[in-house]
Amino acid sequence: MTIADMEKPNERGLQQVAANERLTFFGLTLPYLLMVTALIVVPVGWLFYLSFIGRDGSFSFENYERMIKSKAYIRIFLTTFKISILTTIICAAIGYPLAYFMSQLSRKWANICMIGVLIPFWTSLLVRTYAWLVLLQKKGLLNNMAIEMGIISEPIKLVHNTTGTLIGMVHIMLPFLILPLYANMRAIDKDTLKAASSLGATPTRAFWTVFFPLSLPGLLAGLLIVFVLCLGFYVTPAILGGGKVIMAAMKISSNIELYFSWGAASALGVVLLVVTGIILFIASKLVSMDQLGNR
Amino acid sequence: MNETSLNISISDVTKKYDQFYALKDVSLEIKSGEFMTLLGPSGSGKTTLLMVLAGFTNPDYGSVKFGDEEVILKPPHLRGIGMVFQNYALFPHMTVEQNVGYPQKLRGVNAAEIKRSVEEALSTVKLEGLGHRGITELSGGQRQRVALARAIVFKPKILLMDEPLSALDKKLREEMQIELRQLHDTLNMTTVYVTHDQKEALTMSDRITVINDGELMQLGTPNEIYEHPNNHFIADFIGESSLLPVTVRNGKASLNGEEIALAEGAEKSGEFLLVVRPEKAFLADKKVKGANYFSGKLIDSIFQGESQLLVIKITSSNDDGYEVRVRVPNESVTQKALPEVGQNVIIGLKVADSYVVS
């Protein structure tokens, strides 16, 4: 035993323990790091590279130039944003009251409601989308029922347009809004509402001055997830939009399948990725600022 | 009637959950300006009663009057009470100032007056200058004070407190008990205070209501409750005590077949329990008049700082005997030597301190 060991007992041994712990943590994260590198970093780099390759195979900005100059592309971006924003707003309008209602129930009943929210979530996306097609089409269940009941005389066009796309997308996206929002609302101390009430606040006033501000981080998180998922959504708008509602993801697909233009598709992908990144960045600032005051 | 406070009349308040009575025909008069503590173990109904006063729990029937006004049908926000919650229930998205100003803002008070009253309330609870802080930046004790400031800023005539000190550590809790009591004396609002801590209740209250199983067991000043408990539950719950079975017949009481003298209760007849408070029992060298004596064996001796707690098993002819605790104050380092564990001892209890409960 050296003199240093006697002055600081077990120092080396404890350092070794700490080093082993770090190694274990690194070992545990390694599979994920490898996966991220192989499936995200490399392909995204490849995407960037491709987006700068023109039709003739040389380096060029033509893929990006087309996007700025072509009216078709601008329209696609506008449609993508319009559909995404509308879906997000409708999801919030339906999801907020539901999440609020669930957060006020006892655990038991809230869990039962939660199963109702989650069952569609577990069902295949494609199945749900085609189900809507069956329900909403010209001779579908909804139109037939409405005609038989005499509410309408002619079938309403509910599918292969913006309406159909929105109905399908809202249905698919709703759980993504409800889950973070409900978790946030559950965590709000119910006594704060009682306190507001004892201090003289009517139930409405207590809701707007206490509950709503405290639920904002959950609401923002939900809105963000829904909006970002909508931006890149493909299956549902492709089927329910019937080719009349063209969003960015669909244009990417047609660029590759119809025109074999990997460069154009990649450039669209890059733009979508950058826009999403910017939105996430701004939103993370908003949410974290809000949470700063929260706990 | 006092301008700053109101009396509370509770009558026949009953609340039943399935087969279980949370409150059973509770009637209670709380005087204007009084500090009344509702004391009971958990699940006794004390918090339910406070929630009925606040309006968060509706009883099955009963009446609650603030002054002459029946309030049982009024929603909480119209009752005009100040309330301090167990976990403070501060608004985490507001600063200290905004929290304390909240009730004033609801009442449409103008900005200058809000600022003045908030400053006054914060200085009352000794938090001057912390108005701009966020709730997360405060310690537990400071949060407690903010909750208090928020509850008194609009000068309510009734203040309700639900175990407000239970989350604080012992030292801070004991300081706050005295501070809260002083605050009550300054502001003079009727205060209803819920706690399960009997020492807290004794320290702070004008009167204590002991509640158990949804029923009122005893109402009295701290002194009355401690010195004259109604029954063995209260004798056991308030303070420390050893309870020894006593038979009373024809005005004579006997414990283990030996006759003992009682200060009160000898006129009853039947089986009772003798209440022995550890601080009232004493070690005796010789038997003198005016006290009851029990001989036993010292089985444990525990040093507790300000006192030594002795656990003594009283020798008994017919069964295993009873344990009695005797507290010997640590008066001086030169005090005479305490008996060793295993030694036989005689403990005494003055006749004036000897009473039985059912």
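Which residues touch the most other members of the largest nonpolar core? They are Leu50(B), Leu53(B), Ala149(B) and Leu160(B), in a core of 97 residues. The model is predicted. It scores ipTM 0.83 and pTM 0.82. Chain B averages a pLDDT of 89, and 96% of the residues score at least 70.

Start with that core. Its members are not confined to one domain of chain B: at least three residues come from domain 1 (8–227), and at least three from domain 2 (240–357). Now take Leu160(B). Leaving aside residues up to four places away in sequence, Leu160(B) touches Leu50(B) and Leu53(B). Both of these are also among the residues that touch the most other core members. The remaining contacts of Leu160(B), with the same sequence neighbours left out, are Ala54(B), Ile81(B), Met83(B) and Val192(B). A second core stands separate from this one. It holds 39 residues, including Met173(A), Leu174(A), Leu181(A) and Leu268(A).

Next, the domains of chain B. The assignment gives two entries, domain 1 (8–227) and domain 2 (240–357). Their centres, taken over C-alpha atoms, are separated by 40 Å. Even so, the largest nonpolar core draws on both domains.

Chain B also carries an open sheet of five strands. Read across, the order is S15-S19-S16-S17-S18, and the pairing is antiparallel. Strands of a sheet pair through backbone hydrogen bonds. Which strands of chain B stand at the edges? Strand S15 (282–283) and strand S18 (322–329) do. Each has a single partner strand, so one side of each is left without a neighbour in the sheet. For S15(B), look at strand S19 (residues 344–350) of chain B. Two bridges join this antiparallel pair. Within the pairing, Phe282(B) stands opposite Gly348(B) in S19(B).

Finally, turn to where the chains meet. The contact takes 18 residues from chain A and 19 residues from chain B. On the chain A side, helix H9 (190–198) and helix H10 (203–231) each supply at least two residues. Which element gives the largest share of the side of chain A that touches chain B? H9(A) does, with six residues. What is the chemical make-up of that side of chain A? It divides into six nonpolar, seven polar and five charged residues.

Note on methods:
Residues numbered from 1 in each chain as written. Chains lettered and ligands numbered in written order. Predicted model: local features only at pLDDT ≥ 70, side-chain atom pairs only at ≥ 80, totals over all residues. Contact = placed C-beta atoms within 7 Å. Helix = DSSP H or I, 4+ residues; strand = E, 2+ residues; numbered from the N terminus. Nonpolar A, V, L, I, M, F, W, Y, C, P; charged D, E, K, R; others polar. Core = buried A, V, L, I, M, F, W, Y, C linked by C-beta atoms within 7 Å. Buried ≥ 20, exposed ≤ 12 C-beta atoms within 10 Å, placed from the backbone. Domains from an automatic or database assignment. Pairing = 2+ DSSP bridges. pLDDT = per-residue confidence, 0-100.
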